[in-house]
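User: Please take a close look at one part of this model, the surroundings of a single acidic side chain, and then set that part beside the nonpolar interior.

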Amino acid sequence: MPQLLDTDELIRRLDDPDPERRREAALELAGTPEAVPELLARVGLETEPRVRDAVLTTLAGHDSEAVAAGLAVHLASDEAGLRTAVAEALATMPGSVPSLLPNLLAAPDHDVRVMTAMVLADLPHPEAKSWLVRMITDDPHPNVVTAAIDALLPAASAEHIGVLEAAVLRFPDDPFLTFTVRAALPRLSGTA
């Protein structure tokens with residue numbers, strides 16, 4: 001019968017040279033609030049994707065503003081895998097992510113706003129579509145607007161046609177944005 005480890009031992013194992021022991025420790029720390037600081041510290045250090053995923057899964061289970069804020073800083077990471085993994089984790093935290101949105105939507109780095117659209121695409125929250133529409137309407141960067149359009153389209157309906165057409169008019173020199181909207185309009189208008 002496997003021996004149960006205490007929280008201190010599991011936290012120590014987050015630094016174990018064996019990735020499988022680190023992954024198991026991260027998962028066994030689920031529901032342990034006192035481990036959150038060490039798990040947050042591990043997110044930026046962990047190089048093994050399966051261990052990082054385990055750490056993020058455990059952290060997302062807390063769905064607190066402190067955890068969400070601690071994860072959101074990685075949306076600006078230079079490492080694409082880390083940015084995407086964090087966005088996926090944040091998208092499972094509907095209780096805490098909304099409190100971060102004012103800052104994320106106003107982030108000076110447009111790449112952070114693009115990642116925010118990715119979070120909103122999968123966030124199970126009744127206001128997610130409204131935030132995406134706000135991004136499409138207000139954001140000054142075409143890449144952010146395109147990301148928000150991509151995120152909105154699976155759930156978009158005819159009511160969004162005007163917002164999408166206005167985005168094309170705001171960025172007439174962006175061929176990808178224009179193509180994305182033009183390809184979606186027949187479905188949304190019922191003429192496909």
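**A buried glutamate and the nonpolar core**

Analyst: Glu-46 is buried, with a relative accessible area of 3%, where buried means under 20% relative accessible area, exposed over 50% and partly exposed in between, computed with a 1.4 Å probe on protein chains only. This is a predicted model, in which local features need pLDDT of at least 70 and side-chain atom pairs count only at pLDDT 80 or more, while totals for chains, interfaces and linings use all residues. Residues are numbered from 1 along each chain as its sequence is written, and side-chain values use heavy atoms, with hydrogens and water left out.

Glu-46 sits in the loop between α3 (36-43) and α4 (49-60), helices being DSSP runs of H or I with at least four residues, numbered from the N terminus. A polar atom of the Glu-46 side chain lies 3.0 Å from the backbone nitrogen of Glu-48. Beyond its neighbours within four places in sequence, Glu-46 is in contact (heavy atoms within 4.5 Å) with Arg-22, Val-51 and Arg-52.

As for the nonpolar interior, the largest nonpolar core, a set of buried Ala, Val, Leu, Ile, Met, Phe, Trp, Tyr and Cys residues joined through side-chain atoms within 4.5 Å, has 66 residues, of which Leu-71, Leu-75, Leu-90 and Ile-149 touch the most other members. Helix α10 (residues 142-152) contributes the largest share of this core, seven residues. With neighbours within four places in sequence left aside, Leu-75 is in contact with Arg-83, Val-86, Ala-87, Leu-90, Leu-104, Val-112, Met-115 and Thr-116.

Key. Helix = DSSP H or I, 4+ residues; strand = E, 2+ residues; numbered from the N terminus. Polar contact = N/O pair within 3.5 Å; in protein donor to acceptor, adjacent residues only side chain to side chain.
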